[in-house]
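Subject: Handover of a structure and notes on its contents

Dear colleague,

Please find the structure below, handed over for your use. My notes on it follow directly after.

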Amino acid sequence: MATIKDVAKIAGVTVTTVSRVLNNRGYISEATRKKVYDAMEELNYQPNEIARSLFRRKSNILGLIVPNVSHPFFAELTNYVEFYAYQSGYKVLVCNSYQDSVKEKDYVEMLKRNQVDGIIMGSHTMETSDYLIPNLPIVALDRDFLNGIPFVTSDNYEGGRLATNLLIDKGCRKLAHISGPLELSTPANNRYQAFVDTADERKVDYVIKEAKLDIFESYEKLVYKMFEEYPDIDGIFASSDMIAVSIIHVASLLGKEIPKDLKIVGYDDINLASLIVPSLTTIKQPIKEMAELSVSLLINEIEGKKVEIENILPIRLVERKTT
């Protein structure tokens, strides 16, 4: 395998000159630069990126930790994060935590060892103290760590309020809300709080169910059991579109006609929401803008710029066929 010394010998320059070309440091004439690149091509020389990042103290690599990249919301988010990062001269290392705190911690440590410039944290299992990493910029998605770490989220409370009011305005008198894991302190819990506040304010009966696992089959079991216990439910606000999709599936198997017998509102507006039958009424999170802002905040942190801690983006109600 060719070394930097071999490149220097073929190019007829010093090792220091080759290093300066590779790291784009100091003045190098175009003629010398071409000789180095020609020698690298002749030898098929591949620079040691880890060594270069240690030398420059910058790798131009960002870490992204998500619960499951196959989940439609996180798939879209990851796609946009990679797009905007690459536009800004960064590459992205994607890690799946699968909501496993041990695996999540391993990935954080791995990203630190591999000299990433910063981390976008879209996974929500670890304690706040585990994120207090000196000199490593972090931006959180849908989580407020209350320790000065910037976070990006949507206006979850307003989304929950719009969804609940729509169901009531459409004539629903027995509501249900299926939330995500409420033991996690996340801004997304405001969807639940808005549902409760709005239903109480408008004096409508309701039940709360908590979806613990981000797995379609577990959603279906929860929905079946909910309808067994409360067959008179006629309106459901789901805290994610994937939960809403499982509700549509179970309702069809139970012979419930949507929206005549049951009205449903989701949250996210993933691509699938407009494609399923019936198409899903949902609260649209600006996924593209959330990804773009997360990348921008992280790069500003890396560059030592001051950033806003709380970044809440507006949502929008998209009414389709389930209401």
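Which residues of strand 4 point one way, which point the other way, and are they buried or exposed? In this predicted model, Ile138 and Ala140 point one way from strand 4 (residues 138–141), while Val139 and Leu141 point the other way. All of these residues are buried. The arrangement follows a general pattern: in a regular strand, side chains alternate between the two faces of the sheet.

**The parallel sheet**

Strand 4 belongs to an open sheet of six strands, ordered 2-1-3-4-5-11, with parallel pairing. Its edge strands are strand 2 (91–96) and strand 11 (310–313), and each of them pairs on one side only. From one strand to the next, the twist averages 20°.

The pairings around strand 4 are as follows. Strand 3 (residues 118–121) pairs with strand 4 in the parallel sense over three bridges, and Ile120 stands opposite Val139. Towards strand 5 (residues 151–154), strand 4 is joined by two bridges, again in parallel; here Val152 is the bridge partner of Leu141. Elsewhere in this sheet, strand 1 (residues 61–66) and strand 2 run parallel and are joined by six bridges, with Leu93 in strand 2 as the bridge partner of Gly63.

Helix 11 (residues 287–302) lies across strand 1, strand 3, strand 4, strand 5 and strand 11. Relative to strand 4, helix 11 runs at about 160°.

**The mixed sheet**

A further open sheet is formed by six strands in the order 7-6-8-9-10-12, and its pairing is mixed. Strand 7 (205–210) and strand 12 (316–318) stand at the edges with a single partner strand each, so one side of each has no neighbour in the sheet. Neighbouring strands of this sheet are turned against each other by 20° on average, direction ignored.

Within this sheet, strand 6 (residues 174–179) is joined to strand 7 by six bridges, and the two run parallel. Leu175 stands opposite Tyr206 of strand 7. Strand 6 is also joined to strand 8 (residues 235–238) by four bridges, likewise in parallel, with Ile178 opposite Ala238.

Why is strand 6 described as largely enclosed by the rest of the structure? Six of its six residues are buried, and therefore the description applies. Both faces are covered: Lys174, Ala176 and Ile178 are buried on one side, and Leu175, His177 and Ser179 are buried on the other. Strand 6 also takes part in a right-handed β-α-β unit, together with helix 8 (residues 189–201) and strand 7.

**Aromatic pairs**

The structure holds three aromatic pairs. In one of them, the ring centres of Phe83 and Tyr84 are 5.0 Å apart and the planes stand at 80°, so this pair is edge-to-face. Phe83 is partly exposed, with a relative accessible area of 41%, whereas Tyr84 counts as buried at 10% relative accessibility.

Phe195 and Tyr206 form another edge-to-face pair, at 5.5 Å centre to centre and 85° between the planes. This pair links distant parts of the chain, with Phe195 in helix 8 and Tyr206 in strand 7, 11 residues apart. Phe195 counts as buried at 0% relative accessibility, while Tyr206 is partly exposed at 23%. Both residues thus lie in elements of the β-α-β unit described above.

**The surroundings of Thr282**

Thr282 lies in strand 10 (residues 281–284), which is part of the mixed sheet. Is Thr282 buried or exposed? At 0% relative accessibility, Thr282 counts as buried, because the limit for that class is under 20% relative accessible area.

Which side chain is joined to that of Thr282 by a polar contact of 2.6 Å? The partner is the side chain of Asp241. In addition, a polar atom of the Thr282 side chain lies 3.1 Å from the backbone nitrogen of Tyr267. Leaving aside residues up to four places away in sequence, Thr282 touches a number of others, among them Val265, Gly266, Asp268, Asp269 and Ala273. Its contacts also include Arg316, Leu317 and Val318, and residues 316–318 make up strand 12 at an edge of the sheet.

Yours sincerely

Key. Residues are numbered from 1 along each chain as its sequence is written. This is a predicted model: local features need pLDDT of at least 70, side-chain atom pairs count only at pLDDT 80 or more; totals for chains, interfaces and linings use all residues. Side-chain values use heavy atoms; hydrogens and water are left out. Buried means under 20% relative accessible area, exposed over 50%, partly exposed in between (1.4 Å probe, protein chains only). A polar contact is a pair of N or O atoms within 3.5 Å; within protein, one must be able to donate a hydrogen and the other to accept it, and residues adjacent in sequence count only if both atoms are side-chain atoms. Contact means heavy atoms within 4.5 Å. Two strands pair if DSSP finds at least two bridges between them. Axes are lines fitted to C-alpha atoms, for helices over the stretch in contact, and angles run from 0 to 180 degrees between N-to-C directions. A crossover is right-handed if, with the strands pointing away from the viewer, the path from the first strand over the helix to the second runs clockwise. Rings of Phe, Tyr and Trp (its six-membered ring) pair if their centres lie within 6.5 Å; planes under 30 degrees apart count as stacked, over 60 as edge-to-face and the rest as tilted.
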